[in-house]
Amino acid sequence: LRWFTEFRRRLLRRSSSGDATLVRTTLMGLNVMLFLYQIFTTVNFLRQRHPEYWPRHAPSMLVDTIVGTSYPGPLVRNFGFSRFLANTQPHRYLTSGFFHGGILHLLVNLDTWRRQPAWLETGLGAPLYLTTFLISVVAGNLAQARFVNNPLDQVFCLGS
């Protein structure tokens, strides 16, 4: 009973604070949904590319995709940042921040967002908080492009 009362009190406290962390919660949800979509498209891509492995090795293909050890799927190849590909496809500077290399990478990012104090978003305001996040993604990719010595490097940079 004590646990339930404390849980209810915390739930009411969070709901009474309104939309104090709306942008952060939205970004977290968007990252989770895109990661699930990334898993789905990668498994579907592998299933179509290697039909001889599909029924028998489907669980291992799924686990490899979730963990991030498998072949990069079509979303990573189309939206991940690579200095070589970003010269002709500038959308990669921004879109790479919404895709992740594996479940551990996603969980670390989500935990970092969870640990941020609520006053960071409420103090800055939602538009400035979102703009700072997006500029940080682009700035990280610009720094990676500037300091990578090999201009033909096709390693994908992912995550926020």
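Student: What makes Glu121, Ala126, Tyr129 and Leu130 contacts of Val23?

Tutor: In this predicted model, Val23 has heavy atoms within 4.5 Å of those residues, once its neighbours within four places in sequence are left aside.

Student: Which nonpolar core holds Val23, and what makes the set a core?

Tutor: Val23 belongs to the largest nonpolar core, which has 12 residues, among them Leu27, Phe35, Trp113 and Val137. The set is called a core because its members are buried and joined through side-chain atoms within 4.5 Å. Helices α2, α7 and α9 each supply at least two of its residues, and the largest share, five residues, comes from α2. As a general background, nonpolar side chains in soluble globular proteins tend to be buried together.

Student: Now a polar residue: how do you know whether Asn31 is buried or exposed?

Tutor: Asn31, found in helix α2, has 0% relative accessibility. Buried means under 20%, so Asn31 counts as buried.

Student: What makes the approach of Asn31 to Leu27 a polar contact?

Tutor: A polar atom of the Asn31 side chain lies 2.8 Å from the backbone oxygen of Leu27, and the cut-off for such a pair is 3.5 Å. Farther along the chain, Asn31 is in contact with residues including Gly97, Phe98, Trp113 and Ser160.

Student: And Asn141, why does that residue count as buried?

Tutor: The relative accessibility of Asn141 is 7%, and the limit is 20%, so Asn141 counts as buried. Asn141 sits in helix α9 and touches Phe81, Arg92, Tyr93, Ser96 and Cys157, not counting residues up to four places away.

Student: You mention Phe81 and Tyr93. Why is their aromatic pair called tilted?

Tutor: Good one! Their ring centres are 4.9 Å apart, within the 6.5 Å needed for a pair. The planes are at 50°, and an angle that is neither under 30 degrees nor over 60 counts as tilted. Both residues are buried. Phe81 lies in the loop between α4 and α5 and Tyr93 in helix α6, so the pair ties together parts 12 residues apart in sequence.

Student: How many aromatic pairs does the whole structure have, and why is the one between Phe79 and Phe99 called stacked?

Tutor: The search finds four pairs. For Phe79 and Phe99, the centres are 5.6 Å apart and the planes are at 10°; planes under 30 degrees apart count as stacked, so this pair is stacked. Phe79 is in helix α4, and Phe99 is in the loop between α6 and α7.

Student: How do you know which of those two rings belongs to a buried residue?

Tutor: Phe99 has a relative accessible area of 6% and is buried. Phe79, at 27%, counts as partly exposed, because that category runs between 20% and 50%.

Student: Which residues form an aromatic cluster?

Tutor: Phe98, Trp113 and Phe133 form one cluster, and these three are also among the residues of the largest nonpolar core.

Student: Last topic, α3: how do you know that its length suits a helix?

Tutor: At 1.5 Å a residue, its 14 residues should span 20 Å; the end C-alpha atoms are 18 Å apart, which agrees.

Student: Where is the kink in α3 centred, and what do its buried residues pack against?

Tutor: The kink, about 35°, is centred on Ser60. Ala58, Met61 and Thr65 are buried in α3, and the buried residues of this helix pack against α2. Just after α3, Gly68 takes a positive phi of about 95°.

Key. Residues numbered from 1 in each chain as written. Predicted model: local features only at pLDDT ≥ 70, side-chain atom pairs only at ≥ 80, totals over all residues. Heavy atoms only, no water. Helix = DSSP H or I, 4+ residues; strand = E, 2+ residues; numbered from the N terminus. Buried < 20%, exposed > 50% of the residue type's maximum accessible area, 1.4 Å probe, protein only. Expected span 1.5 Å × (residues − 1). Bend = angle between axes of the 7 residues up to and from the residue. Phe/Tyr/Trp six-rings, centres within 6.5 Å; stacked < 30°, edge-to-face > 60°. Polar contact = N/O pair within 3.5 Å; in protein donor to acceptor, adjacent residues only side chain to side chain.
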